[in-house]
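The report below concerns a pocket and a bound ligand, and it is best read beside the sequence and structure.

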Amino acid sequence: METTGTDGDDINTDPIMHSVNLPWVEKYRPSSLDQLISHTEIINTIQRFINEDRLPHLLLYGPPGTGKTSTIKACAKQLYGKGYKRMVLEVRLVTSGFKLVILDEADAMSNEAQAALRRVIEQYTKHTRFCLICNYVSKISPAVQSRCTRFRFAPLSEDELKSQVQRVIKAENLTVTPEGIDALTRLADGDMRKALNILQVSVFGDLFATSTALAFGDIDARAVYTCTATPQPDDIQSIVSWMLEKPVAEAYKLISEVKTEQGLALQDILKEVHRFMHNIDFPTDCKILLLERFADIEHRLADGATESLQLSDMIATFQRVRELAAHQAER
Ligand SMILES: Nc1ncnc2c1ncn2[C@@H]1O[C@H](COP(=O)(O)OP(=O)(O)OP(=O)(O)O)[C@@H](O)[C@H]1O
Ligand SMILES: [Mg+2]
């Protein structure tokens, strides 16, 4: 997709924000609506509302790092120019009679606060526009929702992530291999904040590891995986083939070794094996069994279960599926 506008250099024109020490997510936060990559329909609609001086109350929702806060900040700058900070109240659970009241993370509001907000929104509509921002729209009461125009910020596509990542790479004078860029946009899962943070951690992590080579080494896929403690695709391939071919005890030993060596969490291994699994040629019922058990294991891990036991379960599940598949092949 084509994006309107500007080069990396003038992404952030705010002098305070131009400092070199800022994390890249802030340093390269779009400062005007036309610098935002993605969600062009939403942004054009909001732009039209502003142009016609008919901005409604807004409810922006969607997963993290998709540009909700950046969008409303850019709107505020456009509405009020340089003095925008005086005209905007960024609040958490407090309201006031300013022109634009931004309630970020509105899904953390209690039911009582939301009930109060219904009346406040109506009372102040003449002089104030409210903009609620949240990740989970289901946590916003229907009455509040119906007072707002809702916009869903979908996860960003890999191409959209790439285009911003490439701007930062250019502006920071970095060398990142195409495979490195692919790896980091894949790991970012539609979250631009995550993409930029992974880029930054890979650059500094790599610097640390190869301090003699200094900043000029290429950042490749391996650096991205290592710096984020994500299992390498090769390792995942080995893990899967051990589970498919080796006896349980041996698979357990081999996987444990990789886990310790690379400092990997079972949750991350599980996630990557799950991605990989879709390419394995198993009968449908075997795949279903695997998926169900994987979901259980993930749930237990999230609950704080012991990794060694859950690892055994993952291997045992593969063993059962192997037997099932072999049995079916015989028939
Ligand atoms: N559409 C976009 N175009 C360019 N950069 C973006 C975009 N979306 C996010 N970013 C980058 O990611 C960072 C985080 O974005 P932002 O704070 O707007 O996310 P958010 O949707 O409000 O996330 P959260 O729900 O976690 O608050 C920004 O500082 C910016 O650098
Ligand atoms: Mg936000």
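A polar contact is taken here as a pair of N or O atoms within 3.5 Å. The model is a predicted one, in which local features need pLDDT of at least 70 and side-chain atom pairs count only at pLDDT 80 or more, while totals for chains, interfaces and linings use all residues. Residues are numbered from 1 along each chain as its sequence is written, ligands are numbered from 1 in the order in which they are written, and side-chain values use heavy atoms, with hydrogens and water left out.

Three contacts of ligand 1 are set out below.

| Residue | Protein atom | Distance to an oxygen atom of ligand 1 |
|---|---|---|
| Ser70 | side-chain N or O | 2.6 Å |
| Gly67 | polar backbone atom | 3.0 Å |
| Arg29 | side-chain N or O | 3.0 Å |

Taken alone, ligand 1 exposes 630 Å², of which the protein buries 94% (Shrake-Rupley areas with a 1.4 Å probe). Around ligand 1 stand 19 residues, with Val25, Ile37, Lys68, Thr69 and Ser70 the closest (a heavy atom within 4 Å).

The largest pocket, an open set of points on a 1 Å grid over the protein atoms alone where a 1.4 Å probe fits, with protein on both sides within 12 Å along at least five of seven lines, is lined by 28 residues (an atom within 4 Å of a point). Arg29, Gly65, Gly67, Ser70 and Arg193 lie nearest its centre.

How values were computed:
Polar contact = N/O pair within 3.5 Å; in protein donor to acceptor, adjacent residues only side chain to side chain.
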